[in-house]
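Reader: I'd like a close look at a single part of this one. Could you pick a helix and walk me through how it sits among its neighbours?

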Amino acid sequence: MVLALALGVAAPGRAAAQTAQAPPTPLTPLPPLLPNTVQPGTAAPAAQPAPKPAPKPGAKPAAKPGAGAKAEPAKPPEPPPAGGGDLAYGAYQRGYFLTAYAEAQKRVSAGNDAAAMTLLGELYGRGFGVPQDLKKSRDWYKKAADAGSSDALFALGLMALTGQGEKADEAAAARLFKTAAEKGSGAAAYNLGLLYLQGRTVPKDVPEAAHWFEVAANYDLEDAVYALAVLVKEGNGVDKDNARAAKLMAKAARLGHVTAQVEFAIMLFNGVGVPKDEAAAAAMFRRAALSGNAIAQNRYARLLSAGRGAGQDKVAAAGWHLVAKKKGLGDPMLDDLVAKLPDADRQKAEALARKWGG
């Protein structure tokens, strides 16, 4: 049985995996310090990465931004982590924005604390604990940038790019991203790569985009790793190298990039850049399918229907097909499989589809 595994239909939630000649359009900027970041052009909408306030990477605020100040939770602040952790940042992480603001102000008053200044810029920019004030946000970011913060430079770049409290200026954003990237901001490097790839105000320069994606990939930013993998796979701006592309795609997949999981599963199934391994491909398709990717759901259904890489299970195959079909990814072959199931098995498949499809 021949399995049609070339990707051609966009999966909801992530950019579609790239076809043979399509130029890569890798997702949205990350990590956003302010809402309404740059749109990636023709790619399908991307899942929004978790925000990362500047003092440390990886934070996710406990509330959504809004026009007014956000109230402090009605419970006493938790103690700082053992060993004298960052109280201001810890409070921000847990949603205690008034506490975060107060602690950051104390640190700014006590000295030239770039991390605390950046946090104040974040709080004013999002309206967390204080009324939203983009001018104050930008002022604090500028002070933090002057004090050496690459995160603040990145935030200023996003404000310039998106016109947050000022006229949008992509060229200025590129300059700020470049300075921030040179100071160690992986997110700025990724965004700069996007600007070179898109070629709007900044002249299109795919080799330069690849360079900055590689810089960002060294910080384990999954979108950057995936973007670089696509360029290497297609030989776009860099030498075509299937083995290197597979290595990068595998890394992006491990980091949780769902589209990379689909693309790497296809590389595993076809033995492109890696030894052919249908069982590993099926497992990777299943992982991406469980994350809601319609392409993965369809490909995994095909593998199950044929018993390739996993035991043949026509009921489960029908269930995954129904989930993908509900999202708009049809497949006449699998429609035929569902139609030929006994009524009892078809009902089981429909039950599985409801379970997996949410």
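Author: Here is a walk along helix H2, with a little context first. This is a predicted model, where local features need pLDDT of at least 70, side-chain atom pairs count only at pLDDT 80 or more, and totals for chains, interfaces and linings use all residues. Residues are numbered from 1 along each chain as its sequence is written, and side-chain values use heavy atoms, with hydrogens and water left out.

The protein has 16 helices and zero strands (helices are DSSP runs of H or I with at least four residues, strands are E runs of at least two, numbered from the N terminus). Of its 358 residues, 51% are buried (under 20% relative accessible area with a 1.4 Å probe, protein chains only; exposed is over 50%, and partly exposed lies in between).

Now to H2 itself. Its 14 residues, 97-110, reach 20 Å from first C-alpha to last, close to the 20 Å expected at 1.5 Å a residue (the expected span is 1.5 Å times one less than the number of residues). Tucked away in H2 are Phe 97, Thr 99, Ala 100, Glu 103, Ala 104 and Val 108, which are buried. Seen down the H2 axis, those buried residues fall within an arc of 165°, so they line one face of the helix (the arc is taken over directions from the helix axis to the C-beta atoms). Flip to the other side of H2 and you find Lys 106, Ser 109 and Ala 110 exposed.

And what does the buried side of H2 pack against? Its buried residues pack against helix H1 (87-94), helix H3 (114-126) and helix H4 (134-146), with contact meaning heavy atoms within 4.5 Å.
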